[in-house]
Amino acid sequence: MTDLLTLEAEVRTDLGKGASRRLRHADKVPAILYGENKESVSLTLAHKDVFRAQQEETFYTQVLTLNIAGEPVECLIKDMQRHPFKQLVMHLDFIRIDANHVVHAKTAIHFINEDEAAKSGANIAHHMNEIAITCLPKDLPEFITIDLAGLKLGQTLHLSDVTFPAGVTSDELAKGEEHDLAVVSSKAPKAAKVVDDEEAPAAEAPAAE
């Protein structure tokens, strides 16, 4: 996994749509690195390395290392453009990070023991599959686990019910109680509509000839 989070990058000076098109034809991915009050740098990465790495969930939530001309730079992925129907990564945006500065990121939710919560016949509704968080880079979680084993029929879990790792806070909860959003809920199944035989309209008798 460590290898997947380290990518080789080259500085590019040939910019513009035409240049990006030529890079893609050469199985390269154009990218840009910015942040930490430093000048933006245009980069090129090998598509095969990027495509393999982006298949892992941690690619979007963990600190990445770009080796640029032999210098390692720690960053996070901020945006990715994909081809609408081909398996191609078209462009990447990276943002630099500093070990001493908090970062804002989104981390995936892993729901466990959902089958236990559904034993009552309940419908489990996921209102979120990722949570916006703030923390130092060293505290970035790969994901946040929510155990549904004790979820009762009709119960809704909110952000305030989530156990966040040490050093990690919810961006929404930091805005106030009115931002305590629903994360997952257990709803009673919809009752099937049954028509009683006695209430069913009688079939019309055939007209006498």
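This text walks through a predicted model, beginning with a barrel of strands and ending with two nonpolar cores.

Strands of a sheet pair through backbone hydrogen bonds, and the pairing is either parallel or antiparallel. In this model, six strands form a closed barrel in the order β1-β3-β2-β6-β5-β4, and their pairing is mixed. From one strand to the next, the twist averages 45 degrees. A helix, α1, covering residues 17-25, packs on the sheet. Helix α1 touches β2 (28-35), β3 (38-46) and β6 (89-96), and its direction makes about 125 degrees with that of β2.

The two ends of the strand order given above are β1 and β4. Strand β1 spans residues 6-11 and strand β4 spans residues 64-68; the two run parallel and are joined by four bridges. To find one place where β1 and β4 meet, look at E8, whose bridge partner in β4 is N67.

Next come the nonpolar cores. The largest has 25 residues, and the members that touch the most others are I131, I133, I146, L148 and V183. Two or more residues of this core come from each of β7 (103-112), β9 (130-135), β10 (143-147) and β13 (182-187). The biggest share is that of β7, which gives four residues.

I131 can serve as an example from this core. With its neighbours within four places in sequence left aside, I131 is in contact with A105, K106, T107, I109, I144, L159, V162 and F164. Another core lies apart from the largest one. This other core has 21 residues, including L7, F59, L66 and V89.

Notes:
Residues are numbered from 1 along each chain as its sequence is written. This is a predicted model: local features need pLDDT of at least 70, side-chain atom pairs count only at pLDDT 80 or more; totals for chains, interfaces and linings use all residues. Side-chain values use heavy atoms; hydrogens and water are left out. Two strands pair if DSSP finds at least two bridges between them. Axes are lines fitted to C-alpha atoms, for helices over the stretch in contact, and angles run from 0 to 180 degrees between N-to-C directions. Contact means heavy atoms within 4.5 Å. A nonpolar core is a set of buried Ala, Val, Leu, Ile, Met, Phe, Trp, Tyr and Cys residues joined through side-chain atoms within 4.5 Å. Buried means under 20% relative accessible area, exposed over 50%, partly exposed in between (1.4 Å probe, protein chains only).
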